[in-house]
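Grab a pencil and work through these exercises one at a time. Try each task yourself before you read the solution under it.

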Amino acid sequence: MGYRLRLTPVYLGLLTALSVAGCTMGPDYERPELALPNQYQAQILSQTSTELGSLKEVSALSWRNFYQDPVLISLIEHALSENLDLQIAQSRLLAARSKVTVADSALWPEISAKAGYERSLDSGATNTNPSPSTTLDLVGAVSWELDLWGANRRASEAAEAYYLSEVEKLRLTYVSLISDIASRYYEWLDIEQRYSVSTDTVRLRQKELDIAKLRHANGVISGLDVRQAEVELQSTKVTLPTLDYERKFKINQLYILLGEYDYALPSPQGLPENVGLPYELSAGVPSELLTLRPDVKMSEQAMIAANSQIGIAKAAFFPKFTISGQYGRENDHLKDIFDSNGVTWSLLGGITAPIFNRGKIAAEYDIATEEAKQSMLSYRNVVLTAYFDVNDALNNLKRAEEAIKAQKELVQSSSAYARLARLRYQNGVATSLDLMDAQRQLFSAQLAYSEILRDKQLAKIALYRALGGGQLE
């Protein structure tokens with residue numbers, strides 16, 4: 001139900017003052033208490049390293065310093081300029097910024113202008129002396145909804161929170177893209193390394209098969225030894241098609257991230273053991289996740305927006321006040337449009353108050369309250385997940401660091417064992433079974449060593465990402 005009233009200057013000034021200093025419905029936002037632990041469950045003991053000179057907090061370590069491989073840096077730079085998901089996120093951010101402008105505009109009067117021209121002729125059936133007439137008008141209009149209860153201010157808060165959420169979403173897209181490029185890159189290097197090991201092993205076993213055939217022809221060994229050499233050769237060959245598919249698949253994943261149908265990837269150099277990523281990372285304290293991780297900050301902005309919606313819903317219980325005014329000129333001829341006798345103006349005020357729909361408004365208020373509760377629970381869940389993401393990354397990195405040393409020693413021992421077994425076999429001391437067993441162990445150890453080097457790099461990437469991804473520049 002609506003009421004209309006004509007405003008005097010006194011009433012207009014009073015309502016304007018009330019609008020400026022009016023109350024704001026709904027609770028003001030306060031970050032909930034989370035009771036985060038003082039430290040992570042798993043902490044890596046710092047070890048001496050000269051790669052960075054000293055420990056650096058992850059929040060101050062840019063991706064250019066973290067990913068120290070020049071090839072990887074060039075891939076990341078290309079992806080940041082061409083990746084399609086990143087461009088979509090950038091467009092969404094621009095749209096969110098414009099939505100803030102739209103929401104803020106409700107806080108201010110809307111001013112418009114209208115110019116009109118009308119040429120008309122009355123009907124001769126109803127008018128004894130019909131003649132054409134002309135009306136010209138030029139009018140300026142002002143309309144303003146007074147924000148006495150703060151609904152528009154809460155809407156502005158919500159729009160600002162949505163915008164900041166898009167800012168963090170864009171940053172999350174950056175962090176995810178950089179981490180994904182690095183992960184796919186090191187996975188590709190691992191596959192190429194294992195493919196190289198397999199092809200080298202195939203060549204070696206082919207030579208040994210040729211030697212075995214020659215020795216069999218000379219009566220030195222039996223046909224069983226030849227068959228064993230054939231089995232070992234074929235067992236290595238069967239790994240090549242799968243590895244070839246995996247490396248092509250990994251390259252295609254890189255192409256998608258790079259935003260290209262084709263890209264001149266460099267020749268793989270193999271996985272480094274201690275070069276490419278800084279050895280040391282400072283995990284800091286769990287409370288830093290609230291300001292470092294973009295997904296946590298996104299969730300908090302969503303909570304702020306939901307909190308503002310409570311105020312908007314609560315303000316709907318109260319009347320809305322609007323004022324509008326017009327001032328202009330009207331005349332029959334364009335040359336007389338600014339004549340003093342042609343002045344027209346009006347000033348009106350309106351009150352709209354809910355009467356018969358309060359059940360709907362109450363339900364909408366309950367919905368807003370529950371959605372705010374849901375956003376708070378979602379925020380707590382995101383923080384909880386972030387905390388254990390860091391713990392899992394720390395544990396995974398610790399596992400990889402411990403496994404690398406043991407696996408490297410296994411490769412060295414297996415290599416020495418295979419060399420001795422070959423000498424003993426050539427001298428007729430050891431059987432072909434001994435040689436094949438030693439070569440099989442070396443082959444498996446070399447493949448596993450490449451995989452554990454990959455896992456170490458991926459674990460560092462996961463930890464860096466879990467801690468917020470550092471500075472983008």
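**Exercise 1. Start with Ala 418.**
Find which helix holds Ala 418, decide whether Ala 418 is buried or exposed, and list what it touches beyond its sequence neighbours.

*Solution.* Ala 418 sits in helix α10, which covers residues 358–426. Keep in mind that you're looking at a predicted model. Next comes the burial step: the relative accessible area of Ala 418 is 2%, and the cut-off for buried is under 20%, so Ala 418 is buried. Now set aside the neighbours within four places in sequence, and the contacts of Ala 418 are Leu 435, Ala 438 and Leu 442. Take Leu 442 as one of these: it lies 24 residues from Ala 418 along the chain, and the two C-alpha atoms are separated by 6.9 Å.

**Exercise 2. Get the overview.**
How many helices and strands does the protein have, and what share of its residues is buried?

*Solution.* Count the elements and you get eleven helices and five strands. For burial, 42% of the 473 residues in the protein are buried. One more number helps here: among contacts with a separation of 6 or more, 84% come from residues 24 or more positions apart.

**Exercise 3. Check the length of two helices.**
Work out what span α5 should have at 1.5 Å a residue, then do a similar check for α9.

*Solution.* Helix α5 runs over residues 151–217. It has 67 residues, so at 1.5 Å a residue it should span 99 Å. Its end C-alpha atoms are 96 Å apart, which agrees with that figure. Step just past the end of α5 and you meet Gly 219, with a positive phi of about 80°.

Now for α9, residues 294–315: its 22 residues reach 32 Å from first C-alpha to last, close to the expected 32 Å. While you're there, look at how covered α9 is: 16 of its 22 residues are buried.

**Exercise 4. Describe two helix pairs.**
What are the angle and the axis distance for α5 with α9, and for α5 with α6?

*Solution.* You need two values because packed helices are described by the angle between their axes and the distance between the axes.

Begin with α5 and α9. Their axes are 8 Å apart and the packing angle is about 165°. Angles over 145 degrees count as roughly antiparallel, so that's the label for α5 and α9. The crossing of α5 past α9 is left-handed. Sort the residues of this contact by type and you find 13 nonpolar, five polar and seven charged.

Then take α5 and α6, where α6 is residues 223–237. These axes come within 9 Å and cross at roughly 165°. That makes α5 roughly antiparallel to α6. Here, too, α5 passes α6 in a left-handed crossing. The α5 side of the contact includes Ser 198, Val 202, Arg 205 and Leu 209, and the α6 side includes Val 226, Glu 230 and Leu 233. By type, the contact of α5 with α6 has six nonpolar, seven polar and five charged residues.

**Exercise 5. Zoom in on Tyr 162.**
Which residues does Tyr 162 contact once you leave out neighbours within four places in sequence?

*Solution.* Tyr 162 belongs to helix α5. At 46% relative accessibility, Tyr 162 counts as partly exposed. Its contacts outside the sequence neighbourhood are Ala 305 and Gln 309. Check Ala 305 along the chain and in space: Tyr 162 is 143 residues away in sequence, yet the C-alpha distance is 6.7 Å.

**Exercise 6. Two buried spots to compare.**
Where are Leu 80 and Gly 349 located, and what does Leu 80 touch?

*Solution.* Leu 80 is part of helix α3, residues 70–82. With 19% relative accessibility, Leu 80 counts as buried. Not counting residues up to four places away in sequence, Leu 80 touches Trp 63, Leu 86, Tyr 174, Leu 177 and Ile 178. The C-alpha atoms of Leu 80 and Leu 257 are separated by 9.2 Å, with their positions 177 residues apart along the chain.

Gly 349 is in strand β5, residues 343–352. Its relative accessibility is 4%, so Gly 349 counts as buried. Gly 349 and Ser 143 are 206 residues apart in sequence, and 9.6 Å apart in space from C-alpha to C-alpha.

Key:
Residues numbered from 1 in each chain as written. Predicted model: local features only at pLDDT ≥ 70, side-chain atom pairs only at ≥ 80, totals over all residues. Heavy atoms only, no water. Helix = DSSP H or I, 4+ residues; strand = E, 2+ residues; numbered from the N terminus. Buried < 20%, exposed > 50% of the residue type's maximum accessible area, 1.4 Å probe, protein only. Expected span 1.5 Å × (residues − 1). Axes fitted to C-alpha atoms, helices over the stretch in contact; angles between N-to-C directions. Parallel < 35°, antiparallel > 145°, perpendicular 65-115°, else oblique. Left-handed = near helix turned anticlockwise from the far one by under 90°. Contact = heavy atoms within 4.5 Å. Nonpolar A, V, L, I, M, F, W, Y, C, P; charged D, E, K, R; others polar.
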